[in-house]
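Please open the model in your viewer and keep the sequence panel beside it, so that each selection can be followed in both. The tour moves from one selection to the next.

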Amino acid sequence: MNRSELCTQLARECELSIDDATVIVDVFFESITNALAQGSRVEIRGLCSWQVKEYEGYNGRNPNTGDTIEVPRKRLPFFKAGKELLDLLNKNIPEARA
């Protein structure tokens, strides 16, 4: 599902106009993005959580030339699925055969 499909589904389910649904989706994602940019953790209980992890810089190697390069420190978003989502995804999976 992409953003426009999400807006369409929201509009259909809540009997909203596409424009109103688009505003709601935009505010939702902007709120998550802004919270992460400020260093906050975002949790939607049962679905998932996001947080920002900081990684120190290190010396890496260019695989094509073999030259050493400095990789700068960075901050990356980290996604973790919630228990209810994991349970739903793993429901009715056939057992592996020996």
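**Starting from helix 2**

In this predicted model, begin by selecting A21, T22, V25, I32, A35 and L36, which are the buried residues of helix 2. Show their surroundings next, and you will find that these buried residues pack against helix 1 (3–14), strand 1 (42–44), strand 2 and strand 5 (74–81). If you then place a distance between the end C-alpha atoms of helix 2, they are 28 Å apart, which agrees with the 28 Å that its 20 residues should span at 1.5 Å a residue.

Now select I32, A35, L36, V42, C48 and W50, the six residues of the largest nonpolar core. Two or more of these residues come from each of helix 2 (18–37) and strand 2 (48–55), with helix 2 giving the most, namely three. Within this selection, centre on A35, which touches S40 and V42 when residues up to four places away in sequence are not counted. Just after helix 2, pause at G39, where phi is positive at about 90 degrees.

Turn next to the aromatic rings, for which the count comes to two pairs. Select F28 and F29, whose ring centres lie 5.2 Å apart with the planes at 70 degrees, so the pair is edge-to-face. Of these residues, F28 is partly exposed at a relative accessible area of 39%, and F29 likewise counts as partly exposed at 37%.

Finish by selecting K53 together with F78: the charged end of K53 sits over the ring of F78, 3.9 Å from the ring centre.

Definitions and conventions
Residues numbered from 1 in each chain as written. Predicted model: local features only at pLDDT ≥ 70, side-chain atom pairs only at ≥ 80, totals over all residues. Heavy atoms only, no water. Core = buried A, V, L, I, M, F, W, Y, C linked by side-chain atoms within 4.5 Å. Buried < 20%, exposed > 50% of the residue type's maximum accessible area, 1.4 Å probe, protein only. Helix = DSSP H or I, 4+ residues; strand = E, 2+ residues; numbered from the N terminus. Contact = heavy atoms within 4.5 Å. Expected span 1.5 Å × (residues − 1). Phe/Tyr/Trp six-rings, centres within 6.5 Å; stacked < 30°, edge-to-face > 60°. Lys NZ or Arg CZ within 6 Å of the ring centre and 35° of its normal.
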